[in-house]
Amino acid sequence: MFDKVLVANRGEIAVRVMRACEELGVETVAVYSEADKNAGHVRYADEAYNVGPARAADSYLDQEAIVDAAEQAGADAIHPGYGFLAENADFAALVEETEGVTWVGPASESMEQMGEKTKARKVMQAADVPIVPGTTDPAESAEEVKQFGEEYGYPVAIKAEGGGGGRGMKVVWDESEAEDQFETAKREGEAYFDNDSVYLERYLDHPRHIEVQVIADHSGNVRHLGERDCSLQRRHQKVIEEGPSPALDEEMAEEIREAARQGVAEADYRNAGTVEFLVADGEFFFLEVNTRIQVEHTVTEEITGIDIVKWQLRVAAGEAFDFSQDDVDIEGHAMEFRINAENAANDFAPATGKLTAYDPPGGIGVRMDDALRQGDTIGGDYDSMIAKLIVYGSDREECIARSKRALEEYNIEGVTTIVPFHRLMLTDEQFVAGTHTTDYLDEELDTSR
Ligand SMILES: Nc1ncc2cc(-c3cccc4ccccc34)c(N3CC[C@@H](N)C3)nc2n1
Ligand SMILES: [Ca+2]
């Protein structure tokens with residue numbers, strides 16, 4: 001096991017990783033920007049290094065500054081968290097090439113491979129994992145889009161090879177839109193992802209978004225840790241995640257979990273990852289692989305009792321799993337509420353302020369992942385998510401009741417958050433029934449649509 005780990009992140013995920021380190025007897029190093037010099041993750045760490053000014057590009061994204069801090073501190077590993085450099089294959093390669101510092105994540109080649117969506121689709125196809133019907137090579141012309149539309153029918157999704165998350169997708173509703181949308185998709189691909197390559201997929205209407213947590217050690221053992229349902233999204237931003245999925249019966253859940261495990265085994269993948277699927281009309285289709293720990297990994301930890309971050313560290317240090325796939329038990333139900341400093345009444349506009357009161361909930365089945373205390377200032381330099389409330393219940397009904405109680409107890413003053421929105425969601429008929437799809441919130445909220 002490592003002696004000292006540098007966490008190249010901030011906020012709740014930095015504290016989350018440091019907690020895993022503490023439990024493993026590993027010393028922790030924080031990096032911080034000027035704006036974060038009094039931040040919670042700096043307070044928590046054994047030592048801290050300033051890596052630059054507030055702007056993320058000059059601090060948390062400054063690869064050399066972070067590696068320098070690791071070398072100054074004598075850290076023998078770097079954990080990237082999520083966001084920032086977590087899926088940057090170049091940074092992973094820089095750390096791999098840095099003597100004496102281990103990258104806590106997949107090999108940079110795997111990150112490269114899964115970052116190119118058509119390569120990821122080819123790997124999954126080779127493992128007999130159903131992929132969204134479409135091409136596994138780039139489309140070269142609008143003519144191809146039209147032929148695809150003829151063969152598969154409309155709507156057609158044109159996707160950026162380097163895209164993913166909420167970005168890089170154009171929908172062609174009929175042939176007349178093919179030319180414009182193809183040109184736009186290529187132009188935006190070049191602009192946003194420095195890669196103008198695009199591929200085609202049949203656009204699935206009103207899908208659910210279900211993802212499977214996987215982790216692989218360096219001895220070829222691959223485990224799935226069950227699925228998470230992330231269908232409640234707003235403009236491609238997840239709002240509430242849960243597990244297991246209320247939309248899958250036991251049989252389909254087993255199938256999708258096994259498919260993810262097979263796909264990752266085929267890819268010679270190591271460390272933690274998430275295999276994303278779309279589910280529509282009783283079928284599931286591979287979408288993409290995320291080569292990082294995700295915000296919502298906590299849901300899986302609560303229903304399996306497995307500390308995923310600790311296993312990331314153990315795997316990176318060369319340890320093999322001490323549990324089999326059969327040892328992975330999924331018990332009960334968990335939900336994660338993203339606590340964003342946003343004003344839901346004002347189109348979720350980001351909010352800033354000083355926490356004049358901060359009283360998080362507690363009690364049985366309630367987990368708070370944050371790096372906050374009363375008196376902290378919430379600025380606008382970074383992502384609006386300031387905390388995560390994760391609730392566990394013996395079933396989905398108890399989880400919802402307990403979530404209502406926890407959200408009632410949660411008192412935050414001095415900055416506007418979406419806690420009131422979460423309280424409302426727990427009384428929403430579709431959400432409570434678990435029948436919502438990924439379009440639900442956008443259709444509900446953007447009545448202008
Ligand atoms: N062929 C096909 N059909 C329907 C799709 C619908 C979406 C989608 C669209 C809007 C919100 C979403 C939320 C979660 C998951 C997917 C979506 C989608 N996404 C959104 C971003 C990226 N992760 C892929 N791809 C799709 N692909
Ligand atoms: Ca190295």
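Six bridges join β9 to β10, and the two strands run antiparallel. That is where I'll start today. One caution before we go on: this is a predicted model.

Stay with this pair for a moment. Take Val-214 in β9: its bridge partner in β10 is His-224. The two strands form a hairpin with five residues between them. In that hairpin, Gly-220 takes a positive phi near 85°.

Now look at the other neighbour of β9. That is strand β12, residues 271–280. β9 and β12 are antiparallel as well, and nine bridges pair them. Val-212 stands opposite Val-275 of β12.

So how many of the residues of strand β9 are buried? Nine of the nine, across residues 208–216, so the strand is largely enclosed by the rest of the structure. Side chains in a regular strand alternate between the two faces of the sheet. In β9, both faces are covered. One side has Arg-208, Ile-210, Val-212, Val-214 and Ala-216, all buried. The other side has His-209, Glu-211, Gln-213 and Ile-215, and these are buried too.

Move on to β10, residues 222–234, and β11. They pair in the antiparallel sense over four bridges. Leu-232 sits opposite Ile-240 of β11. This is another hairpin, with two residues between the strands. Here Arg-235 takes a positive phi, near 50°.

β11 covers residues 237–243. Six of its seven residues are buried, so β11 is largely enclosed by the rest of the structure. Is Gln-237 buried or partly exposed? Gln-237 lies in β11, and it counts as partly exposed because its relative accessibility is 49%. Its C-alpha atom is 30 Å from that of Ala-127, which is 110 residues away along the chain.

β11 also pairs with β14, again antiparallel and over four bridges. Gly-243 has Ala-334 of β14 as its bridge partner.

Next, charges. The structure holds 36 salt bridges. I'll show three.

First example: Glu-301 and Arg-16, whose side chains meet at 2.5 Å, N to O. Glu-301 is in helix α10, residues 297–304, and Arg-16 is in helix α1, residues 11–23, so this pair ties together parts 285 residues apart in sequence. Both Glu-301 and Arg-16 are buried.

Next example: Arg-257 and Glu-227, with their closest N and O atoms 2.6 Å apart. This pair links distant parts of the chain, 30 residues apart: Arg-257 in helix α9, residues 250–266, and Glu-227 in strand β10. Arg-257 counts as buried because its relative accessibility is 6%. Glu-227 counts as buried too, at 1%.

Last example: Glu-258 and Arg-261, at 2.9 Å, N to O. They are three residues apart in helix α9, so about one helical turn separates them. Glu-258 is partly exposed, at 27% relative accessible area. Arg-261 is buried, at 18%.

Some salt bridges share partners. They join Arg-16, Glu-301, Glu-302, Asp-307, Arg-367 and Asp-369 into one network.

Finally, the surface. Which residues form a negative surface patch? They are Glu-319, Asp-322, Asp-326, Asp-327, Asp-329 and Glu-331. Pick out Asp-327. It is found in the loop between α11 (308–316) and β14 (333–340). With a relative accessible area of 48%, Asp-327 is partly exposed.

That's the tour. Thank you.

Terms used
Residues numbered from 1 in each chain as written. Chains lettered and ligands numbered in written order. Predicted model: local features only at pLDDT ≥ 70, side-chain atom pairs only at ≥ 80, totals over all residues. Heavy atoms only, no water. Patch = residues over 30% accessible without salt bridge, like charges linked within 9 Å, V, L, I, M, F, W, Y side chains within 5 Å. Areas by Shrake-Rupley, 256 points an atom, 1.4 Å probe, with all protein chains shown as cover. Salt bridge = Lys/Arg side-chain N within 4 Å of Asp/Glu carboxyl O. Lys, Arg positive; Asp, Glu negative; His and termini not counted. Charge placed at Lys NZ, Arg CZ, Asp CG, Glu CD. Buried < 20%, exposed > 50% of the residue type's maximum accessible area, 1.4 Å probe, protein only. Pairing = 2+ DSSP bridges.
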